[in-house]
There are 2 protein chains.
Amino acid sequence: MRLTTKGRYAVTAMLDLALHGAAGPVTLADIAFRQGISQNYLEQLFGKLKRARLVISLRGPGGGYALACKPEEISVSAIISSVGEGVDATRCGGTSDCQDGLICLTHELWSDLSHRIDEFMSAISLASLVARDEVKLVSHRQDCDTQRRIEARAVG
Amino acid sequence: MRLTTKGRYAVTAMLDLALHGAAGPVTLADIAFRQGISQNYLEQLFGKLKRARLVISLRGPGGGYALACKPEEISVSAIISSVGEGVDATRCGGTSDCQDGLICLTHELWSDLSHRIDEFMSAISLASLVARDEVKLVSHRQDCDTQRRIEARAVG
DNA sequence: GCAATACCCGACTAGAACACTCAACTAATC
DNA sequence: GATTAGTTGAGTGTTCTAGTCGGGTATTGC
(Lines give C-alpha, C1' and ligand atoms only; values in the text may rest on other atoms or scores of the structure.)
Protein backbone atom coordinates (compact mmCIF):
# COMPACT_ATOMS: atom_id res chain seq x y z
CA MET A 1 0.00 0.00 0.00
CA ARG A 2 1.55 3.21 -1.07
CA LEU A 3 0.68 6.75 -1.88
CA THR A 4 2.45 7.89 -5.03
CA THR A 5 4.08 11.27 -5.46
CA LYS A 6 1.12 12.37 -7.55
CA GLY A 7 -1.12 12.82 -4.53
CA ARG A 8 1.71 13.97 -2.30
CA TYR A 9 2.86 16.61 -4.78
CA ALA A 10 -0.68 17.85 -5.23
CA VAL A 11 -1.23 18.31 -1.50
CA THR A 12 2.20 19.86 -1.01
CA ALA A 13 1.65 22.31 -3.85
CA MET A 14 -1.80 23.25 -2.58
CA LEU A 15 -0.37 23.83 0.88
CA ASP A 16 2.32 26.02 -0.64
CA LEU A 17 -0.42 27.96 -2.36
CA ALA A 18 -2.28 28.38 0.92
CA LEU A 19 0.91 29.58 2.62
CA HIS A 20 2.04 32.04 -0.06
CA GLY A 21 -1.19 33.03 -1.76
CA ALA A 22 -2.00 36.01 0.43
CA ALA A 23 0.07 38.41 -1.70
CA GLY A 24 -1.63 37.42 -4.95
CA PRO A 25 -1.27 34.61 -7.50
CA VAL A 26 1.65 32.21 -7.14
CA THR A 27 3.53 30.89 -10.17
CA LEU A 28 4.27 27.24 -10.71
CA ALA A 29 7.93 28.17 -11.06
CA ASP A 30 7.91 29.44 -7.46
CA ILE A 31 6.17 26.34 -6.11
CA ALA A 32 8.46 24.05 -8.08
CA PHE A 33 11.48 25.90 -6.74
CA ARG A 34 10.38 25.94 -3.10
CA GLN A 35 9.10 22.38 -2.95
CA GLY A 36 11.66 20.73 -5.21
CA ILE A 37 9.12 19.44 -7.71
CA SER A 38 9.46 19.38 -11.50
CA GLN A 39 7.57 22.35 -12.95
CA ASN A 40 6.44 20.41 -16.00
CA TYR A 41 4.98 17.75 -13.80
CA LEU A 42 3.24 20.35 -11.65
CA GLU A 43 1.57 21.72 -14.78
CA GLN A 44 -0.08 18.37 -15.32
CA LEU A 45 -1.31 18.24 -11.75
CA PHE A 46 -2.61 21.80 -11.78
CA GLY A 47 -4.52 21.07 -14.95
CA LYS A 48 -6.47 18.52 -12.94
CA LEU A 49 -6.75 20.72 -9.86
CA LYS A 50 -8.21 23.45 -12.04
CA ARG A 51 -10.71 21.11 -13.68
CA ALA A 52 -11.77 20.06 -10.17
CA ARG A 53 -12.27 23.76 -9.37
CA LEU A 54 -9.87 23.71 -6.46
CA VAL A 55 -7.71 26.46 -7.97
CA ILE A 56 -8.16 29.31 -10.42
CA SER A 57 -5.52 30.50 -12.86
CA LEU A 58 -4.47 33.93 -14.06
CA ARG A 59 -2.47 34.19 -17.26
CA GLY A 60 0.11 36.69 -18.30
CA PRO A 61 2.78 38.54 -16.35
CA GLY A 62 1.98 38.72 -12.66
CA GLY A 63 -0.30 35.72 -13.13
CA GLY A 64 -0.21 32.34 -11.49
CA TYR A 65 -2.56 30.17 -9.46
CA ALA A 66 -4.75 30.92 -6.47
CA LEU A 67 -7.04 28.78 -4.31
CA ALA A 68 -10.57 28.74 -5.67
CA CYS A 69 -12.07 28.87 -2.19
CA LYS A 70 -11.15 29.26 1.46
CA PRO A 71 -8.45 26.94 2.87
CA GLU A 72 -11.00 25.68 5.41
CA GLU A 73 -13.14 24.38 2.57
CA ILE A 74 -10.43 22.36 0.83
CA SER A 75 -9.75 18.90 2.26
CA VAL A 76 -6.77 16.69 1.62
CA SER A 77 -9.18 14.06 0.38
CA ALA A 78 -10.57 16.42 -2.28
CA ILE A 79 -7.08 17.27 -3.50
CA ILE A 80 -5.99 13.68 -3.77
CA SER A 81 -9.06 12.45 -5.56
CA SER A 82 -8.95 15.40 -7.97
CA VAL A 83 -5.59 14.26 -9.33
CA GLY A 84 -6.98 10.79 -9.88
CA GLU A 85 -5.42 9.05 -6.92
CA GLY A 86 -8.64 8.14 -5.21
CA VAL A 87 -8.45 5.88 -2.19
CA ASP A 88 -9.44 2.42 -3.26
CA ALA A 89 -8.18 -0.62 -1.46
CA THR A 90 -10.64 -3.02 -3.10
CA ARG A 91 -9.82 -5.05 -6.18
CA CYS A 92 -13.08 -4.34 -7.92
CA GLY A 93 -13.28 -0.59 -7.43
CA GLY A 94 -16.23 -0.88 -5.09
CA THR A 95 -18.48 -2.81 -7.47
CA SER A 96 -18.29 -6.03 -5.42
CA ASP A 97 -17.61 -8.22 -8.46
CA CYS A 98 -14.13 -9.12 -7.30
CA GLN A 99 -14.26 -12.86 -7.94
CA ASP A 100 -15.83 -14.05 -11.18
CA GLY A 101 -18.56 -11.43 -10.96
CA LEU A 102 -19.31 -12.21 -7.32
CA ILE A 103 -18.10 -10.64 -4.10
CA CYS A 104 -14.78 -11.91 -2.77
CA LEU A 105 -13.94 -13.08 0.73
CA THR A 106 -12.26 -9.87 1.84
CA HIS A 107 -14.25 -7.23 0.00
CA GLU A 108 -15.81 -5.76 3.11
CA LEU A 109 -12.42 -5.47 4.80
CA TRP A 110 -10.90 -3.40 2.00
CA SER A 111 -14.04 -1.41 1.59
CA ASP A 112 -13.96 -0.56 5.31
CA LEU A 113 -10.32 0.39 5.09
CA SER A 114 -10.84 2.67 2.11
CA HIS A 115 -13.67 4.35 3.96
CA ARG A 116 -11.52 4.93 7.03
CA ILE A 117 -8.70 6.45 5.04
CA ASP A 118 -11.05 8.76 3.21
CA GLU A 119 -12.66 9.79 6.49
CA PHE A 120 -9.27 10.70 7.90
CA MET A 121 -8.27 12.76 4.90
CA SER A 122 -11.62 14.45 4.62
CA ALA A 123 -11.26 15.74 8.15
CA ILE A 124 -8.03 17.55 7.34
CA SER A 125 -8.31 20.89 5.58
CA LEU A 126 -5.59 23.11 4.16
CA ALA A 127 -6.39 25.59 6.92
CA SER A 128 -5.72 23.01 9.62
CA LEU A 129 -2.42 22.14 7.96
CA VAL A 130 -1.38 25.78 7.78
CA ALA A 131 -2.05 26.08 11.50
CA ARG A 132 0.27 23.20 12.43
CA ASP A 133 3.52 24.12 14.14
CA GLU A 134 5.72 21.79 12.11
CA VAL A 135 4.29 23.16 8.87
CA LYS A 136 5.03 26.71 9.99
CA LEU A 137 8.55 25.68 10.86
CA VAL A 138 9.30 23.91 7.59
CA SER A 139 7.68 26.68 5.59
CA HIS A 140 9.85 29.26 7.31
CA ARG A 141 12.95 27.22 6.55
CA GLN A 142 11.94 26.99 2.90
CA ASP A 143 11.44 30.75 2.69
CA CYS A 144 14.89 31.39 4.14
CA ASP A 145 16.41 28.88 1.71
CA THR A 146 14.69 30.59 -1.18
CA GLN A 147 15.89 34.02 -0.07
CA ARG A 148 19.43 32.75 0.26
CA ARG A 149 19.41 31.16 -3.17
CA ILE A 150 18.09 34.34 -4.76
CA GLU A 151 20.83 36.37 -3.10
CA ALA A 152 23.49 33.84 -4.11
CA ARG A 153 22.31 34.06 -7.68
CA ALA A 154 22.37 37.86 -7.64
CA VAL A 155 25.96 37.88 -6.35
CA GLY A 156 27.25 35.13 -8.65
CA MET B 1 -3.29 5.31 -3.06
CA ARG B 2 -3.85 1.70 -3.69
CA LEU B 3 -3.35 -1.67 -2.12
CA THR B 4 -1.89 -4.11 -4.61
CA THR B 5 -3.05 -7.67 -5.03
CA LYS B 6 0.02 -8.85 -3.18
CA GLY B 7 -1.35 -7.78 0.20
CA ARG B 8 -4.92 -8.63 -0.71
CA TYR B 9 -4.04 -12.13 -1.88
CA ALA B 10 -1.99 -12.74 1.24
CA VAL B 11 -4.86 -11.79 3.56
CA THR B 12 -7.40 -13.69 1.48
CA ALA B 13 -5.25 -16.82 1.49
CA MET B 14 -4.63 -16.59 5.23
CA LEU B 15 -8.33 -16.20 5.83
CA ASP B 16 -8.98 -19.25 3.67
CA LEU B 17 -6.45 -21.10 5.80
CA ALA B 18 -8.24 -20.01 8.97
CA LEU B 19 -11.56 -21.14 7.54
CA HIS B 20 -10.45 -24.52 6.23
CA GLY B 21 -7.50 -25.39 8.44
CA ALA B 22 -9.46 -27.23 11.14
CA ALA B 23 -9.29 -30.55 9.27
CA GLY B 24 -5.51 -30.43 8.82
CA PRO B 25 -3.06 -28.79 6.41
CA VAL B 26 -4.47 -27.04 3.36
CA THR B 27 -2.74 -27.22 -0.02
CA LEU B 28 -2.00 -24.19 -2.13
CA ALA B 29 -3.86 -25.87 -4.97
CA ASP B 30 -7.04 -25.80 -2.87
CA ILE B 31 -6.61 -22.16 -1.89
CA ALA B 32 -5.80 -21.16 -5.45
CA PHE B 33 -8.88 -22.97 -6.68
CA ARG B 34 -11.29 -21.58 -4.09
CA GLN B 35 -10.03 -17.99 -4.19
CA GLY B 36 -9.25 -17.74 -7.87
CA ILE B 37 -5.57 -16.93 -7.38
CA SER B 38 -2.65 -18.24 -9.42
CA GLN B 39 -1.01 -21.09 -7.53
CA ASN B 40 2.47 -20.14 -8.70
CA TYR B 41 1.98 -16.65 -7.38
CA LEU B 42 0.68 -17.99 -4.06
CA GLU B 43 3.87 -20.00 -3.72
CA GLN B 44 5.89 -16.82 -3.68
CA LEU B 45 3.63 -15.23 -1.10
CA PHE B 46 3.65 -18.27 1.17
CA GLY B 47 7.43 -18.31 1.04
CA LYS B 48 7.32 -14.91 2.71
CA LEU B 49 4.52 -15.83 5.10
CA LYS B 50 6.56 -18.80 6.21
CA ARG B 51 9.71 -16.72 6.73
CA ALA B 52 7.61 -14.35 8.85
CA ARG B 53 6.49 -17.38 10.87
CA LEU B 54 2.82 -16.79 10.22
CA VAL B 55 2.37 -20.25 8.70
CA ILE B 56 4.08 -23.62 8.91
CA SER B 57 4.45 -26.07 6.05
CA LEU B 58 4.18 -29.82 5.80
CA ARG B 59 5.64 -31.57 2.78
CA GLY B 60 4.58 -34.70 1.03
CA PRO B 61 1.16 -36.24 0.46
CA GLY B 62 -1.42 -34.96 2.92
CA GLY B 63 0.79 -31.95 3.46
CA GLY B 64 0.09 -28.29 2.94
CA TYR B 65 0.10 -25.17 5.05
CA ALA B 66 -1.32 -24.38 8.48
CA LEU B 67 -1.46 -21.26 10.62
CA ALA B 68 1.56 -21.01 12.88
CA CYS B 69 -0.49 -19.64 15.75
CA LYS B 70 -4.06 -18.95 16.80
CA PRO B 71 -6.23 -16.84 14.46
CA GLU B 72 -6.70 -14.32 17.27
CA GLU B 73 -2.96 -13.69 17.29
CA ILE B 74 -2.60 -12.94 13.57
CA SER B 75 -3.47 -9.41 12.50
CA VAL B 76 -4.12 -8.17 8.99
CA SER B 77 -1.30 -5.72 9.50
CA ALA B 78 1.17 -8.53 10.22
CA ILE B 79 0.13 -10.40 7.09
CA ILE B 80 0.47 -7.39 4.85
CA SER B 81 3.83 -6.29 6.13
CA SER B 82 5.16 -9.85 5.95
CA VAL B 83 4.70 -9.91 2.18
CA GLY B 84 6.59 -6.64 1.89
CA GLU B 85 3.66 -4.34 1.37
CA GLY B 86 4.16 -2.28 4.48
CA VAL B 87 1.99 0.76 4.91
CA ASP B 88 4.07 3.77 4.08
CA ALA B 89 2.53 6.95 2.79
CA THR B 90 5.65 9.07 3.24
CA ARG B 91 8.13 9.73 0.48
CA CYS B 92 11.19 9.12 2.61
CA GLY B 93 10.15 5.88 4.27
CA GLY B 94 9.87 7.51 7.67
CA THR B 95 13.39 8.90 7.78
CA SER B 96 12.24 12.53 7.45
CA ASP B 97 14.78 13.38 4.75
CA CYS B 98 12.14 13.95 2.12
CA GLN B 99 13.45 17.18 0.63
CA ASP B 100 17.20 17.48 0.03
CA GLY B 101 17.97 15.68 3.27
CA LEU B 102 15.54 17.77 5.27
CA ILE B 103 11.93 17.19 6.29
CA CYS B 104 9.30 18.18 3.73
CA LEU B 105 6.21 20.29 4.23
CA THR B 106 3.77 17.40 4.46
CA HIS B 107 5.87 14.73 6.16
CA GLU B 108 3.84 14.73 9.36
CA LEU B 109 0.58 14.38 7.46
CA TRP B 110 1.67 11.22 5.64
CA SER B 111 3.30 9.86 8.73
CA ASP B 112 0.03 10.34 10.64
CA LEU B 113 -1.92 8.70 7.88
CA SER B 114 0.37 5.68 7.74
CA HIS B 115 0.04 5.33 11.48
CA ARG B 116 -3.76 5.42 11.32
CA ILE B 117 -3.92 2.79 8.61
CA ASP B 118 -1.62 0.50 10.52
CA GLU B 119 -3.64 0.99 13.67
CA PHE B 120 -6.79 -0.01 11.83
CA MET B 121 -5.25 -3.13 10.36
CA SER B 122 -3.56 -4.13 13.58
CA ALA B 123 -6.91 -4.18 15.33
CA ILE B 124 -8.32 -6.75 12.92
CA SER B 125 -7.36 -10.38 13.48
CA LEU B 126 -8.09 -13.42 11.38
CA ALA B 127 -10.41 -14.61 14.14
CA SER B 128 -12.48 -11.45 13.94
CA LEU B 129 -12.73 -11.83 10.18
CA VAL B 130 -13.84 -15.45 10.47
CA ALA B 131 -16.59 -14.31 12.83
CA ARG B 132 -18.06 -11.82 10.37
CA ASP B 133 -21.38 -12.69 8.79
CA GLU B 134 -20.45 -11.68 5.27
CA VAL B 135 -17.27 -13.76 5.43
CA LYS B 136 -19.28 -16.79 6.56
CA LEU B 137 -21.68 -16.22 3.70
CA VAL B 138 -19.06 -15.85 0.97
CA SER B 139 -17.08 -18.77 2.34
CA HIS B 140 -20.15 -20.97 2.23
CA ARG B 141 -20.82 -19.95 -1.36
CA GLN B 142 -17.24 -20.79 -2.28
CA ASP B 143 -17.49 -24.22 -0.69
CA CYS B 144 -20.68 -24.97 -2.63
CA ASP B 145 -19.02 -23.81 -5.85
CA THR B 146 -16.05 -26.03 -5.18
CA GLN B 147 -18.26 -29.04 -4.48
CA ARG B 148 -20.20 -28.42 -7.67
CA ARG B 149 -17.07 -28.13 -9.76
CA ILE B 150 -15.65 -31.35 -8.34
CA GLU B 151 -18.87 -33.19 -9.12
CA ALA B 152 -18.99 -31.70 -12.62
CA ARG B 153 -15.46 -32.89 -13.22
CA ALA B 154 -16.27 -36.39 -11.96
CA VAL B 155 -19.26 -36.65 -14.29
CA GLY B 156 -17.54 -35.14 -17.34
C1' DG C 1 1.97 46.14 -31.89
C1' DC C 2 5.42 43.46 -29.79
C1' DA C 3 7.95 41.17 -26.54
C1' DA C 4 7.89 38.97 -22.17
C1' DT C 5 5.45 36.26 -18.92
C1' DA C 6 3.00 32.36 -17.50
C1' DC C 7 -0.63 29.17 -18.10
C1' DC C 8 -2.21 25.29 -21.40
C1' DC C 9 -1.94 20.86 -23.77
C1' DG C 10 -0.63 16.69 -25.98
C1' DA C 11 2.76 13.35 -27.11
C1' DC C 12 6.48 10.73 -25.77
C1' DT C 13 9.65 7.80 -22.72
C1' DA C 14 12.95 5.50 -19.29
C1' DG C 15 12.41 2.91 -15.52
C1' DA C 16 10.10 0.45 -11.99
C1' DA C 17 6.60 -2.33 -10.21
C1' DC C 18 3.26 -5.80 -10.45
C1' DA C 19 1.39 -10.11 -11.47
C1' DC C 20 2.35 -13.54 -12.99
C1' DT C 21 4.79 -18.09 -15.51
C1' DC C 22 8.17 -21.82 -16.00
C1' DA C 23 11.37 -25.14 -14.67
C1' DA C 24 13.95 -27.70 -11.77
C1' DC C 25 14.56 -29.39 -7.02
C1' DT C 26 13.85 -31.50 -2.38
C1' DA C 27 11.18 -33.82 1.26
C1' DA C 28 7.54 -36.91 2.81
C1' DT C 29 4.30 -40.54 2.23
C1' DC C 30 2.37 -44.97 0.70
C1' DG D 1 10.00 -45.63 -6.23
C1' DA D 2 6.15 -43.17 -7.68
C1' DT D 3 3.29 -39.56 -6.31
C1' DT D 4 2.33 -35.56 -3.74
C1' DA D 5 3.40 -31.01 -2.34
C1' DG D 6 6.38 -27.51 -0.72
C1' DT D 7 10.94 -24.60 -2.28
C1' DT D 8 13.56 -21.75 -5.08
C1' DG D 9 15.18 -18.81 -8.76
C1' DA D 10 14.93 -16.93 -13.05
C1' DG D 11 12.39 -14.80 -16.67
C1' DT D 12 8.46 -11.92 -18.85
C1' DG D 13 4.47 -9.10 -20.52
C1' DT D 14 1.91 -5.23 -19.03
C1' DT D 15 0.87 -1.22 -16.67
C1' DC D 16 1.90 2.92 -14.22
C1' DT D 17 4.80 6.47 -12.54
C1' DA D 18 7.23 10.45 -12.98
C1' DG D 19 8.80 12.71 -15.57
C1' DT D 20 10.55 15.43 -20.38
C1' DC D 21 9.77 18.01 -24.61
C1' DG D 22 7.82 21.08 -27.70
C1' DG D 23 4.72 23.66 -29.05
C1' DG D 24 0.70 26.45 -28.21
C1' DT D 25 -2.48 30.73 -26.24
C1' DA D 26 -3.94 34.58 -23.14
C1' DT D 27 -2.43 38.76 -20.69
C1' DT D 28 0.42 42.51 -19.50
C1' DG D 29 3.57 46.52 -19.91
C1' DC D 30 6.27 49.20 -22.96
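1. Before we start, one term: a residue counts as near a strand if one of its heavy atoms lies within 4 Å of it. Please also keep in mind that this model is predicted. With that in hand, look at DNA strand C, which has 26 residues around it. The closest are K50(A), S57(A), Y65(A), T5(B) and R59(B), so you will find both chain letters in that list.

2. Next, which parts of the fold face DNA strand C? From chain A, α3, β1 (55-58) and β2 (64-67) each supply at least two residues of the surface near this strand, and so do α1 and α3 of chain B. By class, that surface divides into eight nonpolar, 13 polar and five charged residues.

3. Now see what the protein touches on DNA strand C. Sugar or phosphate provides 66% of the strand's atoms within 4 Å of the protein, and bases provide the rest. Three polar contacts are worth finding on your screen. The side chain of T5(B) has an N or O atom 2.7 Å from a phosphate oxygen. R59(A) places a polar side-chain atom 3.2 Å from a sugar or linking oxygen. Q44(B) reaches a base nitrogen, with a polar side-chain atom 2.8 Å away.

4. Turn to DNA strand D, which also has its own set of neighbours. Among the 26 residues around it, T5(A), S38(A), R59(A), K50(B) and Y65(B) come nearest. Here 63% of the strand's atoms that come within 4 Å of the protein are sugar and phosphate. Phosphate oxygens of DNA strand D lie 2.3 Å from a polar side-chain atom of Y65(B) and 2.9 Å from one of S57(B). For a contact with a base, look at Q44(A): an N or O atom of its side chain is 2.9 Å from a base oxygen.

5. How are the two protein chains related? A turn of 180° with a shift of 0.0 Å along the axis lays chain A on chain B with an RMSD of 0.0 Å. That is the relation of a two-fold axis. R2(A) is the residue of chain A closest to this axis, its C-alpha lying 3.1 Å away. The copies meet through the same surface, because 100% of the interface residues of chain A are also interface residues in chain B.

6. Finally, look inside chain B. Helix α1 (residues 5-20) packs against α3(B) at an angle of about 80°, and the axes are 10 Å apart. The two helices are therefore roughly perpendicular. Residues meeting there include Y9(B), A13(B) and L17(B) from α1(B), and L42(B), L45(B) and F46(B) from α3(B). Sorted by class, this contact has ten nonpolar, one polar and one charged residues.

Key:
Residues numbered from 1 in each chain as written. Chains lettered and ligands numbered in written order. Predicted model: local features only at pLDDT ≥ 70, side-chain atom pairs only at ≥ 80, totals over all residues. Heavy atoms only, no water. Polar contact = N/O pair within 3.5 Å; in protein donor to acceptor, adjacent residues only side chain to side chain. Axes fitted to C-alpha atoms, helices over the stretch in contact; angles between N-to-C directions. Helix = DSSP H or I, 4+ residues; strand = E, 2+ residues; numbered from the N terminus. Parallel < 35°, antiparallel > 145°, perpendicular 65-115°, else oblique. Contact = heavy atoms within 4.5 Å. Nonpolar A, V, L, I, M, F, W, Y, C, P; charged D, E, K, R; others polar. Least-squares fit on C-alpha atoms with pLDDT ≥ 70 in both.
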